[in-house]
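Work through the exercises below with the sequence and the 3D structure at hand. Try each task before reading its solution.

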Amino acid sequence: MGHAAVIEIIDRDGHCRETHRVRAWPLRIGRSPHCDLVLSDPHVAAEHALLHWDRDEHAAELSTEASAEPSAEARDDERPVLELLPSHNGGWLEQRKLAAGSRETWPASEVLQIGTTRLRLRTSLDALPDEQAVSAADWPVKRTRRPAWALPTLLAAWVVILLIINWAGDDGSATWVDVVSLLLKPVAAALIWAAVWALITQLFRHWFAFGAHLWRVVVAGLAFVVLGAVVPLTAYMFNLPRLLVIDQLAMSVGGAALLWWHASVVWPRASRRVAVGVGAMALIGLVLTVGGRGEQQYWLGPSYMATLAPPALRLAQPTSVDSFVDGMDKLEAPLLRQAVKRNEQAGGSGDSDE
């Protein structure tokens with residue numbers, strides 16, 4: 001009597017797509033409805049192969065010599081044997097081509113391909129691997145991690161802050177159409193961005209995670225808006241113009257963090273590798289930004305502020321006129337070097353006075 005066994009239909013990556021239990025031996029494989037395992041593959045014959053539960057030649061000799069029941073050694077030598085029936089394509093056992101009419105032992109470690117279908121056999125004689133722990137990435141997706149009102153509230157707060165910032169920078173010439181446009185552009189961009197990431201998540205995880213990605217976009221957008229308003233105001237209040245360098249760092253670091261946050265939803269198993277890749281890209285972008293500004297008077301943040309807040313918010317002590325004039329002397333040398341460098345570049349560009 002044969003042992004229990006299953007045949008798995010696997011894909012190109014070795015993942016099981018379908019499992020067929022062997023209920024009786026021998027097992028007939030083919031396209032015909034009369035077969036035990038019916039394959040929907042036009043490259044497979046009506047009756048393509050026959051799977052036996054057999055013994056090898058040594059076991060057969062032992063059972064022939066003994067008139068009674070087969071010995072324990074003979075029973076231990078039992079194994080599944082594949083017989084290819086008449087067909088045009090034959091089959092492959094791993095890398096070995098099998099012609100029609102051949103018989104081969106089918107080990108559990110080897111994949112059988114007949115036509116374009118890949119099969120794997122597992123029997124009760126094969127050692128079963130230990131149960132593996134389920135990683136956090138494979139836990140059921142929690143789609144209600146936050147209250148239902150959290151996303152609309154955060155989105156409304158983002159719109160209100162944008163409205164306040166636009167009103168503060170308005171000189172009175174903007175119409176209501178300009179105001180609405182300035183509000184709708186970032187909101188529309190956030191919706192499109194979240195929809196694209198949701199489609200990517202649907203492709204890889206079969207989950208249209210629009211709400212999850214929109215939450216991330218709104219959180220990042222609100223953080224960027226608040227930071228863009230607080231940092232210049234703090235720099236003005238305490239006379240720290242170099243503090244504006246945080247804006248550039250926030251764009252690089254914050255943008256990389258947002259990409260990783262989105263990618264962790266799509267590929268939770270590879271979140272660490274994605275973090276390393278995104279961090280490397282952010283670092284390269286920061287280095288290129290610094291290198292591109294090597295010809296300017298600053299690398300990341302300017303030494304002056306282009307816009308000023310109301311004087312009532314100024315907390316730093318004002319500089320006297322004499323101190324200000326004395327400080328101008330320090331700018332003479334770097335300005336001269338910059339002028340000489342620009343003259344040299346202009347002279348080497350091919351232009352001449354002749």
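**Exercise 1. Backbone angles in loops**

Task: Decide whether histidine 206 is buried, partly exposed or exposed.

Solution. Step 1: Histidine 206 has a relative accessible area of 63%. Step 2: Buried means under 20% relative accessible area, exposed means over 50%, and partly exposed lies in between, with a 1.4 Å probe and protein chains only. Histidine 206 is therefore exposed. Step 3: Its phi is near 55 degrees, a positive value in a residue other than glycine. Step 4: Histidine 206 sits in the loop between α4 (176-205) and α5. Helices here are DSSP runs of H or I with at least four residues, strands are runs of E with at least two, and both are numbered from the N terminus.

The model is a predicted one, in which local features need pLDDT of at least 70, side-chain atom pairs count only at pLDDT 80 or more, and totals for chains, interfaces and linings use all residues. Residues are numbered from 1 along each chain as its sequence is written, and side-chain values use heavy atoms, leaving out hydrogens and water.

Task: Do the same for glutamate 94.

Solution. Step 1: The relative accessible area of glutamate 94 is 35%, so this residue is partly exposed. Step 2: Glutamate 94 is not a glycine, yet its phi is positive, about 60 degrees. Step 3: It belongs to the loop between β7 (91-93) and β8.

**Exercise 2. The sheet**

Task: Find which strands stand at the edges of the sheet.

Solution. Step 1: Write down the order, β2-β1-β11-β10-β7-β8, for an open sheet of six strands with antiparallel pairing. Two strands pair if DSSP finds at least two bridges between them. Step 2: β2 (16-22) and β8 (96-98) each have a single partner strand, so one side of each lacks a neighbour in the sheet. Step 3: From one strand to the next, the twist averages 25 degrees. Step 4: Check one pair: β1 (residues 5-10) and β2 run antiparallel and are joined by six bridges. Isoleucine 7 has histidine 20 in β2 as its bridge partner.

**Exercise 3. Two packed helices**

Task: Describe how α5 (residues 210-237) and α6 (residues 245-266) pack.

Solution. Step 1: Their angle is about 170 degrees and their axes are 10 Å apart. Axes are lines fitted to C-alpha atoms, for helices over the stretch in contact (heavy atoms within 4.5 Å), and angles run from 0 to 180 degrees between N-to-C directions. Step 2: Angles over 145 degrees count as roughly antiparallel, and α5 and α6 are therefore roughly antiparallel to each other.

How values were computed: Parallel < 35°, antiparallel > 145°, perpendicular 65-115°, else oblique.
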